[in-house]
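Here are a few notes to read alongside the model, in the order I would go through them myself. I hope they help you find your way around.

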Amino acid sequence: MGRPNVGKSTLFNRIIGKRQAIVLDTPGVTRDRNYGVADWNGKKFNIIDTGGMNFQKGDFNSEINSQVESALADADLIIFLTDSKSGITDLDAQIGKLLRPRKKDVILAVNKADNDMYRLNAYDFYNLGLGDPIAISANHGTGVGDLLDLVTKKL
Ligand code: GDP
Ligand code: MG
């Protein structure tokens, strides 16, 4: 989960290894939940791609948020995805606050860490109070193996 346009669907597609989720530059394009099955080193788990959370009024925001909340209720583990290029936004901080009561179930991942500079930026996300941020690039695949190691360890 995470706000729109951080790369949730790109990561989902990389993890399930198929082009199933719709990836677009338009924020808020994934409205419904998308389900897939992942297999990492023989460990299988279900994964849900959610729409981007947004607490502003309008469009499909409240509908998306309730879909995300259903996904959260179903989930054993939450990957909270953020964006190293934008840094922590107000919306990230709001979502972070929402997730803090479930901190032990949350893995904080910082996407778009495509190079050393953006990987360094990922440390800033400690400030969300959700533990160690993991820098990844869903586009390049870097860091995704480490993320999945952690996921399968925690499941
Ligand atoms: P979502 O709204 O969170 O599902 O985000 P999408 O997966 O639809 O991606 C939004 C945009 O971010 C698209 O243009 C992606 O190509 C881009 N994107 C996703 N992952 C990465 C990444 O690792 N690095 C960079 N530079 N862009 C990415
Ligand atoms: Mg999406």
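1. Which pattern does the protein chain follow when read along the sequence? In this predicted model, the pattern is α-β-β-α-β-α-β-α-β-α. That comes to 5 helices and 5 strands for the protein chain. The radius of gyration is 14 Å, close to the 15 Å that the globule rule gives for 155 residues, so the chain is as compact as a globular protein of that length.

2. Some overall numbers may be handy for your setup. The C-alpha trace of the protein chain spans about 40 × 30 × 30 Å along its principal axes. Of the 155 residues, 34% are buried. If you take the contacts between residues at least 6 apart in sequence, 60% of them join residues at least 24 apart.

3. Now to the sheet. Three strands form an open sheet in the order 3-4-5, and their pairing is parallel. Strand 3 (78-83) and strand 5 (134-135) each have a single partner strand and stand at the edges, so one side of each is left without a neighbour in the sheet.

4. It is worth zooming in on the pairing between strand 4 and strand 5. Strand 4 covers residues 106-111 and runs parallel to strand 5, with 2 bridges joining them. If you want a residue pair to look at, Ala-109 has Ile-134 of strand 5 as its bridge partner.

5. Which residues of helix 5 are buried? Within this helix, which covers residues 144-154, they are Leu-147, Leu-148 and Val-151. These three cover an arc of only 95° around the axis, which puts them on the same side of helix 5. The general background is simple: an α-helix has 3.6 residues a turn, so residues three or four places apart point the same way. On the other side of helix 5, Gly-145 and Lys-153 are exposed.

6. What do the buried residues of helix 5 pack against? Their partners are helix 1, strand 1 (34-40), strand 4 and strand 5. Strand 4 and strand 5 are the pair joined by 2 bridges in point 4.

7. Finally, the surroundings of ligand 1. There are 18 residues around ligand 1, and those that come nearest are Gly-7, Lys-8, Ser-9, Thr-10 and Asn-139. Helix 1 (residues 8-16) gives the most to this shell, with 3 residues. Sorted by class, the shell has 9 polar, 5 nonpolar and 4 charged residues. Helix 1 also appears in point 6, where the buried residues of helix 5 pack against it.

Note on methods:
Residues numbered from 1 in each chain as written. Chains lettered and ligands numbered in written order. Predicted model: local features only at pLDDT ≥ 70, side-chain atom pairs only at ≥ 80, totals over all residues. Pairing = 2+ DSSP bridges. Helix = DSSP H or I, 4+ residues; strand = E, 2+ residues; numbered from the N terminus. Near = placed C-beta within 6 Å. Nonpolar A, V, L, I, M, F, W, Y, C, P; charged D, E, K, R; others polar. Rg over C-alpha atoms; globule rule 2.2 N^0.38 Å. Buried ≥ 20, exposed ≤ 12 C-beta atoms within 10 Å, placed from the backbone. Contact = placed C-beta atoms within 7 Å. Arc of directions from axis to C-beta.
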